[in-house]
Amino acid sequence: MREIGAGLAGALILFFARFITAVRGRWDGVAPTDEQRIYFANHASHGDFVLIWTVLPRRMRFATRPVAGSDYWLKSGLRRFIGRDVFNAVLIDRDAATRTADPIVQMTEALDAGSSLIVFPEGTRNTTDAALLPFKSGLYPLARARPNVAFVPVWIDNLNRVMPKGEFVPVPLVCTVTFGAALTLAETETKQDFLARAEAALLALSPKASAS
């Protein structure tokens with residue numbers, strides 16, 4: 001019964017996301033294939049991974065797990081149901097002082113089970129005027145641990161205007177989710193160089209970069 005409820009809730013969330021945002025997926029430099037991937041995206045809203053999940057083809061959607069903060073998604077019964085049962089999220093304790101599991105181990109275990117991942121290397125929502133917050137270092141050890149898995153940059157545009165922080169009523173606007181060309185870690189690439197390359201690949205998909 002819980003599985004049926006999760007399926008119905010997922011269908012309703014997808015319908016709502018499409019109705020409010022008319023979200024469009026753009027595959028720019030990469031095709032929507034069944035290859036295992038780590039999608040890394042900009043982060044401005046708790047609904048970011050919902051839009052990525054929405055535009056993935058159905059066969060890919062259920063093989064793709066978002067990586068999200070357990071402090072938010074375990075805060076209430078409803079959030080726990082959505083995070084765990086509907087989206088099958090990999091829930092990470094972002095507080096190093098209280099965590100009991102290594103986030104990299106959690107993610108590699110999900111990859112080894114056959115899943116693709118959605119990650120947000122900024123680590124928290126960007127509420128500043130900057131296009132991106134500095135990337136946290138976790139993307140690099142994940143690439144070191146599974147160097148054959150492709151990293152695909154994903155730029156989400158307009159969702160922060162659809163659902164501004166602190167607001168509960170969404171504003172209907174068209175959103176786009178743009179997927180860029182995949183990256184893999186070079187054998188001798190340093191952490192600094194890999195993170196800089198990943199950040200540049202993500203920024204290149206932003207509307208401001210496209211317009212310049």
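## Asp71 and Arg94

Asp71 is partly exposed, with a relative accessible area of 45%. Partly exposed means between the limits for buried (under 20% relative accessible area) and exposed (over 50%), using a 1.4 Å probe and protein chains only. Arg94 is also partly exposed, at 40%.

The side chains of Arg94 and Asp71 meet in a salt bridge, 2.8 Å from N to O. Asp71 sits in helix α4 and Arg94 in the loop between β4 (90–92) and α6, so the pair ties together parts that are 23 residues apart in sequence. A salt bridge here is a side-chain nitrogen of Lys or Arg within 4 Å of a carboxyl oxygen of Asp or Glu. Helices (H or I, at least four residues) and strands (E, at least two) are DSSP runs, numbered from the N terminus.

## About the model

This is a predicted model: local features need pLDDT of at least 70, side-chain atom pairs count only at pLDDT 80 or more, and totals for chains, interfaces and linings use all residues. Residues are numbered from 1 along each chain as its sequence is written, and side-chain values use heavy atoms, leaving out hydrogens and water.

## Other salt bridges

The whole structure has five salt bridges. One of them joins Asp112 and Arg146, whose closest N and O atoms are 2.7 Å apart. This pair links distant parts of the chain: Asp112 is in helix α6, Arg146 in the loop between α7 and β6 (150–157), 34 residues apart. Asp112 counts as exposed at 52%, while Arg146 is partly exposed at 26%.

Arg37 pairs with Glu35, with 3.3 Å between the closest N and O atoms. Arg37 is buried, at 2% relative accessible area. Glu35 is partly exposed, at 41%.

## The second largest pocket

Arg94 appears again here. It is among the residues closest to the centre of the second largest pocket, with Val67, Ile92, Phe120 and Gly123. In total, 30 residues line this pocket. Its space is about 730 Å³. A pocket is an open set of points on a 1 Å grid over the protein atoms alone, where a 1.4 Å probe fits, with protein on both sides within 12 Å along at least five of seven lines; lining residues have an atom within 4 Å of a point. The volume is the space filled by probe spheres set on the points, which are joined across faces, edges and corners.

Elements that each supply at least two lining residues include α4 (70–73) and α6 (103–112).
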